Amino acid sequence: MCGIVGYTGSQSAITPLIEGLRRLEYRGYDSAGIALGTPGRLYIEKRAGKLANLEAALGDSVPTAHSGIGHTRWATHGGPTDRNAHPHVDNEGKLAVIHNGIIENYTQLRADLLSRGHRFESDTDTESVAHLLSDLRKSHNGDLAAAMREAVKSLRGSFTLLAIHADNPDVIVGVRRNSPLVVGLGDGENFLASDVAAFIDYTKRAVELGQDEVVTITSEGIEITNLDGAKLAPKEYEITWDSSAAQKGGFHHFMLKEIFEQPKAVADTLLGRLNERNQIVLDELHLTKEEVQDLKKIVVLACGTAYHAGMVAKYAIEKWAKITVEVELASEFRYRDSVIDNQTLVIAISQSGETMDTLMALRHAKEAGARVLAVCNTNSSTIPRESDAVLYTHAGPEIAVASTKAFLTQVIAVYLIGLYLAQVRGVMSDVEVKNLFNEMVELPGKIEQILETVEPLRELTRGFASSTSVLFLGRNVGFPVALEGALKLKELAYMHAEGFAGGELKHGPIALIEEGTPVIAILPIGHEHGLDEKMLSNIQEVKARGARIIVIAQEGAEVAGAEHIIRIPVAPALLQPILATVPLQVFAYEMAVTRGNDVDQPRNLAKSVTVE
Ligand code: F6R
């Protein structure tokens, strides 16, 4: 979950490197560093903390070089210090390496290298690769790519590595295993990066790299080989994201911009999904009618916010398609003997498509014979590539670390899957499906309505800024919404926040209520089981113990006992998460701003979690 960028070409490398790192800072911001391909000896600068610290250290005296590598770090092995910042160099200071991931056998490597006389300057796993490559390059007559191929054979773990050597500074060599790396093809220049956002201003032509593939870039071209040195044909594709989508566009923070992009993101994800015969169009699923009929169960695998989208999937798919849905934290599923087979459809939900826990769980499910469908926002990332089928959400690039628009589009995607399965299995009529789909089409306008009237909520939020703890209550699909509201508040405002199912309150959590504790309750929509009344009782129970209550309720719903009511537009009960989540995102955002926190890059987090 570090950000990696490499450049070689006609312009001064410092500009694309720093711009690329700025775009990749969401992946980690514990330290940043660069190595420039100045002949004879590399120019290296690295600093703990954000990219701004590196920029300040660079000042105006950076030597001109036409190639280089850059890194922004999320620390794993070794604290976030100058010493541990990447690049790491060999003892001659001629070979530099940057790395995303974890080298699992680095202790052994380090011991071997120490016994061969290498000196280590850092506590990282990465530095051992710099020393190893240095030795191997010598035994391969200065061929850095050949050295990389051999080095990788002795590495265990997950990694993207880039290396540069001062004797041949215009050549950059990269490799990936279980960690992302894309090539950008420019005109007289080429790029390497963890994510296309790093070079999107320079080129829209990209090449994806497979597992254990080694790439060499020069200003002239690229060469890809497998670990045996056999040449491979590049798989080129065009990047459809435009660069303005990755800028703040007038908003103070990417997160706020992304919250306001949600109407469009939802509309884009729904586009073209109902045909003139009122059938849900999901050709990407590649399931025959018989395979859909034969499905015994669905298992949803995901982490964090994506897991909450999975929880919504359970309520919707079970209700509509009448198939059992289990929702599992990917990190738990991987290490459990779960009962799955070829009649199980596994849905792996991931914004980034690179989350290691989800990837490992997906592989585990495939080994057990399940068919895997990815719901993903990032084209050509690892999770969709390793799945049998992929349904892309169309949220556009999500830069803020806290997920907002990706979540809403993940929920839309699972609704589409639910309706599709219900229709193919004959559980819902075409008219019922059409009616629900048309309700979904109304959602973007309703989200807009919420966003247009959000100022009073922002003001209200500021009044709770000194609270130490906030509790969220929900029932039915409101329960995952409560969990999501609490997660957003934790990660952004650094406040204690918990989400509970309303019915669980009396089984323990009510003990947390003290005089003045804020409780945010999501009032279920006039439900067949009278859940709205049950939630109103929960509200009375916490109010009687001193809680200050904020209720999220649909327009027209009667609410007794609330100090504040946030109204959301009317929608069918199962679609409520799309609307009820939005005020909670704004609440967490405003709380973080009021408390002076870094909204887009909260402490200790990273956008793309590529370690287990
Ligand atoms: C929270 C958040 C995380 C991610 C989780 C999974 O705001 O963003 O909890 O949802 O790390 O990430 P993806 O969806 O990329 O697999």
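This note comments on one sheet and on the ligand surroundings in a predicted model.

1. The sheet. Seven strands form an open sheet in the order β5-β6-β7-β8-β12-β13-β14, and their pairing is antiparallel. At the edges stand β5 (88-89) and β14 (231-232); each has a single partner strand, so one side of each is left without a neighbour in the sheet.

2. One strand pair within the sheet. Strand β12, residues 213-217, is joined to strand β13, residues 222-225, by four bridges in the antiparallel sense. One residue pairing may be located directly in the structure: V214 has T225 of β13 as its bridge partner.

3. The shell around the ligand. The ligand is surrounded by 13 residues, of which S350, Q351, S352, T355 and E491 come nearest. By character, the shell comprises seven polar, four nonpolar and two charged residues.

4. Helices that contribute to the shell. Both α9 (304-321) and α16 (478-493) supply at least two residues each. The greatest contribution is that of α9, with three residues.

5. Polar contacts of the ligand. The side chain of S350 places an N or O atom 2.6 Å from an oxygen atom of the ligand. For S352, a polar side-chain atom likewise lies 2.6 Å from a ligand oxygen atom. In the case of V401, a backbone N or O atom is involved, at 3.4 Å from an oxygen atom of the ligand. On its own the ligand has 410 Å² of accessible area, and the protein covers 89% of this.

Conventions. Residues numbered from 1 in each chain as written. Predicted model: local features only at pLDDT ≥ 70, side-chain atom pairs only at ≥ 80, totals over all residues. Heavy atoms only, no water. Pairing = 2+ DSSP bridges. Near = heavy atom within 4 Å. Polar contact = N/O pair within 3.5 Å; in protein donor to acceptor, adjacent residues only side chain to side chain. Areas by Shrake-Rupley, 256 points an atom, 1.4 Å probe, with all protein chains shown as cover. Nonpolar A, V, L, I, M, F, W, Y, C, P; charged D, E, K, R; others polar.
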